[in-house]
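Open the model in your viewer and keep the sequence panel visible. The stops below each give a selection and then say what is there.

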Amino acid sequence: MKKDRILNIILIVLVVLLMCVAALVIFRPNIRNTERTNNSNTNTISTPTSNNPERNDATEDENNIDTTSTPESSTQTTNGRQNTETESNSQQNFEATPDVQEVPEDPNQPSDTPDGEIPIEPTDTDIGEESDDTEPPETPDTDEDSRPLEGMIICIDPGHQGRGDSTQEPIAPGSTETKAKVSSGTQGAFTRVAEYVLNLEVGLMLRDKLEELGAIVIMTRTTHDINISNSERAILANDNNCDMVIRIHANGSTDSSVRGYCIMIPGSLYTPNIVSDSRYMAEVLDSILPNYVSIPSLGLLTMNDLTGFNWLIVPGILLEMGFMTNRTDDETMQTAEFHEGVTDAMVDALIRYWVG
Ligand SMILES: [Zn+2]
């Protein structure tokens with residue numbers, strides 16, 4: 001009986017030992033897994049600064065996973081390291097965000113596009129500068145300003161000549177009415193200067209001024225010793241396709257008190273086609289001449305019986321500068337100041353007529 005009891009006790013002990021061994025076999029791996037997990041977490045966490053228990057680390061890992069997924073949970077301050085990680089994660093997010101914010105750098109590219117447009121605006125400015133570059137072409141304009149009569153053909157007819165020609169000629173093409181080819185003109189009652197002398201002196205001065213401004217000047221005469229009729233002077237202007245004829249004369253009267261200049265223009269009897277332009281030129285000159293000379297204006301006078309007009313097919317005017325039978329006018333017309341003034345006025349009028 002004692003042997004049976006002994007065997008039973010041995011069996012119980014063996015069973016207990018087996019259970020202990022089994023228990024050791026079962027629980028040992030769990031402990032190793034826990035240690036392994038802690039080690040892996042320590043490796044994952046870049047800053048193992050904690051002396052915290054292993055259980056806390058495992059908890060933080062889960063929280064970290066959550067906070068990693070939801071960075072907003074970083075407000076959970078279980079310890080400083082978690083915040084550090086969260087910040088580092090958030091920093092990673094920021095680093096990722098900056099990468100995303102490099103997308104804002106892409107907006108910078110759109111902003112570069114405006115910057116690209118800005119260079120375009122300078123390009124526009126350059127266009128403005130190019131328009132400034134068109135200023136050099138304005139230099140020719142300046143040349144045009146200095147030569148405003150470029151291309152204009154002007155006939156200057158200083159009235160009369162050294163010796164008159166009483167030979168008759170028709171006063172107009174096909175007309176049976178005749179007049180002397182050219183008269184000797186009048187004479188200064190006080191200065192004793194002949195009209196044809198005064199006319200040529202002013203005419204030559206006017207020629208020089210017009211040519212300096214680019215005009216082509218056709219002179220019916222440049223000397224007193226010539227014989228050219230009034231119809232021939234008109235034909236000379238016609239043949240040269242003159243844009244304007246300026247006839248220069250001085251008047252005379254039996255009344256010495258009569259004074260003043262007047263501007264004669266062709267009538268419509270023989271020259272209807274040139275009346276308008278001739279009148280316009282006369283009006284322009286009459287409007288400015290008082291600014292240049294002291295001799296008063298008597299206005300415009302339409303003439304239908306002047307041979308020098310009636311043969312014209314191009315516009316023209318005749319300026320009677322003043323009365324040589326009036327002392328004031330006579331003496332005035334012999335002054336250099338008057339010569340300058342009357343020629344400057346005619347130049348000004350011709351520019352206004354030509355340029356507009
Ligand atoms: Zn005359």
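The tour goes from the whole chain to the sheet, then to the core and to one helix, and ends in an edge strand.

**Whole chain**

Start with everything shown, and keep in mind that this is a predicted model. The protein chain has ten helices and eight strands. Colour by pLDDT: the mean for the chain is 76, and 62% of its residues reach 70 or more. Now select residues 31-134, where the pLDDT is below 50. Beyond near neighbours in sequence, this stretch makes 38 contacts in the model. Of the 356 residues in the chain, 29% are buried. Among contacts with a separation of 6 or more, 74% join residues 24 or more positions apart.

**The sheet**

Hide the rest and show the strands. Six of them form an open, mixed sheet, in the order 4-1-5-8-6-7. Which strands stand at the edges? They are strand 4 (216-219) and strand 7 (297-303); each has a single partner strand, so one side of each is left without a neighbour in the sheet. From one strand to the next, the twist averages 20 degrees.

Select residues 244-251 and 316-323, which are strand 5 and strand 8. This pair is parallel and is joined over six bridges. For a landmark, label His249, which stands opposite Glu320 in strand 8.

Add residues 275-288, helix 7. Helix 7 lies across strands 5, 6 (261-266), 7 and 8, and runs at about 165 degrees to strand 6.

**The core**

In soluble globular proteins, nonpolar side chains tend to be buried together. The largest nonpolar core here has 54 residues. Select Ile154, Ile246, Leu285, Ile317, Met346 and Leu350, the members that touch the most others. Elements giving two or more residues to this core include strand 1 (153-158), helix 5 (195-212), helix 6 (230-239) and helix 10 (336-355). Which element gives the largest share? Helix 10 does, with eight residues.

**Helix 10**

Select helix 10 by itself. Its 20 residues reach 28 Å from first C-alpha to last, close to the 28 Å expected at 1.5 Å a residue. Show side chains for the buried positions, among them Phe338, Val342, Met346, Val347, Leu350 and Tyr353. An α-helix has 3.6 residues a turn, so residues three or four places apart point the same way. The buried residues of helix 10 pack against strand 1, helix 5, strand 5, helix 7, strand 8 and helix 9 (327-333).

Centre on Leu350. Leaving aside neighbours within four places in sequence, Leu350 is in contact with Leu149, Ile154, Leu210 and Met244. Just after the helix, Gly356 takes a positive phi of about 100 degrees.

**Two residues in strand 7**

Go back to the edge strand and select Thr302, which is found in strand 7. Thr302 has 15 C-beta neighbours inside 10 Å and therefore counts as partly exposed. Measure from its C-alpha to that of Met264: the two are separated by 5.6 Å, although they are 38 residues apart along the chain. Outside the four places on either side in sequence, Thr302 is in contact with Ile265 and Gly267.

Then select Gly299, also in strand 7. Is Gly299 buried or exposed? Gly299 counts as exposed, because it has 12 C-beta neighbours inside 10 Å. Not counting residues up to four places away, Gly299 touches Cys262 and Asp286. Ser287 is twelve residues from Gly299 along the chain, and their C-alpha atoms are separated by 9.5 Å.

Notes:
Residues are numbered from 1 along each chain as its sequence is written. This is a predicted model: local features need pLDDT of at least 70, side-chain atom pairs count only at pLDDT 80 or more; totals for chains, interfaces and linings use all residues. Two strands pair if DSSP finds at least two bridges between them. Helices (H or I, at least four residues) and strands (E, at least two) are DSSP runs, numbered from the N terminus. Axes are lines fitted to C-alpha atoms, for helices over the stretch in contact, and angles run from 0 to 180 degrees between N-to-C directions. Two residues are in contact if their C-beta atoms, placed from the backbone, lie within 7 Å. A residue is buried if 20 or more other C-beta atoms lie within 10 Å of its own, exposed if 12 or fewer, and partly exposed in between; C-beta atoms are placed from the backbone. A nonpolar core is a set of buried Ala, Val, Leu, Ile, Met, Phe, Trp, Tyr and Cys residues joined through C-beta atoms within 7 Å. pLDDT is the predictor's confidence in each residue, from 0 to 100. The expected span of a helix is 1.5 Å times one less than its number of residues.
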